[in-house]
Amino acid sequence: MQAILAVTVPFFALVLAGWLAARHGVLPESAIPGLNAYVLYFALPCMLMRFGMNTPVLDLLNPFVLAVYVLCALVVVGFTIAVSLNATIGLKDASFGALVAAFPNTGFMGVPLLVALLGPAAAGPVICTVLADLFVTSSLCIALSQLQGAAGGARAAAMRAVRGALSNPLPWSIALGALLSATGMKTSGPLDTALRMLADSATPVALFTIGAVLWRAGQHAHTRTPLAHYLPVAAIKLFVHPLLVLLMGAGAQQLGAPLSAFQLLVLTLAAALPSASNVSLLTERYGADSGRVARIILASTVGAFASFSALAWLFGVQPAG
C-alpha cells in the first residue's frame, strides 16, 4: 500500500492545491478558464499524441476493450437514471447525474495516474475509454437530458454533443498519435522537444486545474442539494462502475474474448476514478442542476483517494519504476 500511496498521494494533493488556490484567491476565478484551455488545447493533446505514437494501434482502438467498456457505461447510465428519478430530480438532472456516474476523469487524471502505476502499456486501454466517453457516454446522456423538451430536442442535442466531441482536440491528438504509430513515424528535433515540454506539463497543470474547476463549480451552484441526492451517485461511480467492469470483463474472458488480464485491470481502475470534472461545465450549458453535479464530482474525487488506492492495493498493483 505504501508504494501505491507514494503514487496516488501527489496526484490528489495537486487537486487539493488547485482547490485551495482558487478558494483563497491565489488563483483568480477569471484565470481558471484559461488554465483549463491550456490543458485541453495544448498540454493534454501533446501528452496523448506522444502516448499514441508509442502504442500499437490495436491497443489504442481495441474493439474488445471498447465493447466491454461501452456496454458497462450504458448499464451504469440506465441504472443511475432509474434510481435517481423522483419528484425532485427530473430526467434532465438524472441524465447528467448518470453522466458523472459513468464518465471517469480519464483525460485529466486517469492517463497519467494509471501510466504511473502500471507503466506505459496502460495508455492504450485508458485512451480507449477516453474515446468511448467522449463520443458515446456524453452524447447519450446529453440526448436523454433533452427528451422532455420539444420534438427533436434529443436528436439535436445528441448531434451537438457529437459535434462537440469532434471539436475537442483530444480525439484528434489520439488519431494523430495512432497515425504516427501505424506509419512508424516519429517527431524529432526542436518540434519533439517542444511537444515533450508541453506533454510533461500536462499532469501537474491538469490536476491543479481539476481542483480549481471543482471550486468554481461549487461557487456557481445556486441550489442546496440533500446528501441523498448526490452521495448515492458518487458511490455508483466509485464502487458500482468498477465492479461492473470487472465482472463483465471477466465474463467476456470466459466467453473467449481476447481481453487480457492486464487490459481488464486497467479498465477496472479507470472505472474507479472520480467523475470527470468538466461535466460541471456541460450542466451549466444545458441548464441542469449544476449544484448537484458539482457535489457528485467533489464527493467522488474526495472518496476516490481512499477507494482507488485501496482497489489498486487489492489487485496487488506494483507501481512501475
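Here are legends for a set of close-up views of this structure, which is a predicted model.

**View 1. Helix 6 against helix 7, a right-handed crossing.** Helix 6 covers residues 106-118 and helix 7 covers residues 123-145. Their axes sit 9 Å apart, at an angle of about 170°. Anything over 145 degrees counts as roughly antiparallel, so that is how helix 6 and helix 7 run relative to each other. On the helix 6 side, the residues in contact are T106, G107, G110, V111, L114 and V115. Helix 7 answers with A123, V126, T129, V130 and D133. Sorted by class, this contact has 6 nonpolar, 4 polar and 1 charged residues.

**View 2. Helix 6 again, this time with helix 10 (residues 189-219).** The axes of helix 6 and helix 10 are 9 Å apart, and the angle is about 135°. That makes the pair oblique. The crossing of helix 6 and helix 10 is left-handed. From helix 6, look for F108, M109 and P112. They meet T203, A206, L207, T209 and I210 of helix 10. The contact of helix 6 with helix 10 splits into 6 nonpolar and 2 polar residues, with no charged ones.

**View 3. Helix 12 (residues 261-271) and its surroundings.** How many of the 11 residues of helix 12 are buried? The count is 9, so helix 12 is largely enclosed by the rest of the structure. The buried set is Q263, L264, L265, V266, L267, T268, L269, A270 and A271. Several helices help to cover these residues, among them helix 3 (57-60), helix 4 (63-84) and helix 11 (227-254). Helix 6 and helix 7, the pair from View 1, are part of the cover too, as is helix 14.

**View 4. S275, in the loop between helix 12 and helix 13.** With a relative accessibility of 1%, S275 counts as buried. Its side chain reaches the backbone oxygen of V100 at 2.6 Å. Setting aside neighbours within four places in sequence, S275 is in contact with V100, F103, P104 and N105, and also with K237, I296, I297 and S300. For a sense of distance, the C-alpha atoms of S275 and S139 are separated by 16 Å, and the two residues are 136 apart along the chain.

**View 5. S280, in helix 13 (residues 279-286).** Is S280 buried or exposed? It is buried, at a relative accessible area of 2%. A polar atom of the S280 side chain lies 2.9 Å from the backbone oxygen of S277. Beyond its neighbours within four places in sequence, S280 is in contact with V213, A217, V293 and I297. I297 also turns up among the contacts of S275 in View 4.

**View 6. N168, in the loop between helix 8 (153-167) and helix 9 (169-183).** N168 has a relative accessible area of 14%, and the cut-off for buried is under 20%, so N168 is buried. Which backbone atom lies 2.8 Å from a polar atom of the N168 side chain? That would be the backbone nitrogen of L170. Not counting residues up to four places away in sequence, N168 touches L40 and L134.

**View 7. M49, in helix 2 (residues 32-53).** Relative accessibility here is 6%, so M49 counts as buried. Leaving out residues up to four places away in sequence, M49 touches S173, L176, G177, L180, T187 and L195. For contrast, take R295: M49 and R295 are 246 residues apart in sequence, and their C-alpha atoms are 32 Å apart in space.

**View 8. Two exposed residues, L314 and Q318.** L314 belongs to helix 14, and Q318 is found in the segment after helix 14 (290-314). The relative accessible area is 65% for L314 and 64% for Q318. Exposed means over 50%, so L314 gets that label, and so does Q318. From L314 to V205, the C-alpha separation is 29 Å, for residues 109 apart along the chain. From Q318 to L231, the C-alpha separation is 31 Å, for residues 87 apart along the chain.

Technical notes
Residues numbered from 1 in each chain as written. Predicted model: local features only at pLDDT ≥ 70, side-chain atom pairs only at ≥ 80, totals over all residues. Heavy atoms only, no water. Axes fitted to C-alpha atoms, helices over the stretch in contact; angles between N-to-C directions. Helix = DSSP H or I, 4+ residues; strand = E, 2+ residues; numbered from the N terminus. Parallel < 35°, antiparallel > 145°, perpendicular 65-115°, else oblique. Left-handed = near helix turned anticlockwise from the far one by under 90°. Contact = heavy atoms within 4.5 Å. Nonpolar A, V, L, I, M, F, W, Y, C, P; charged D, E, K, R; others polar. Buried < 20%, exposed > 50% of the residue type's maximum accessible area, 1.4 Å probe, protein only. Polar contact = N/O pair within 3.5 Å; in protein donor to acceptor, adjacent residues only side chain to side chain.
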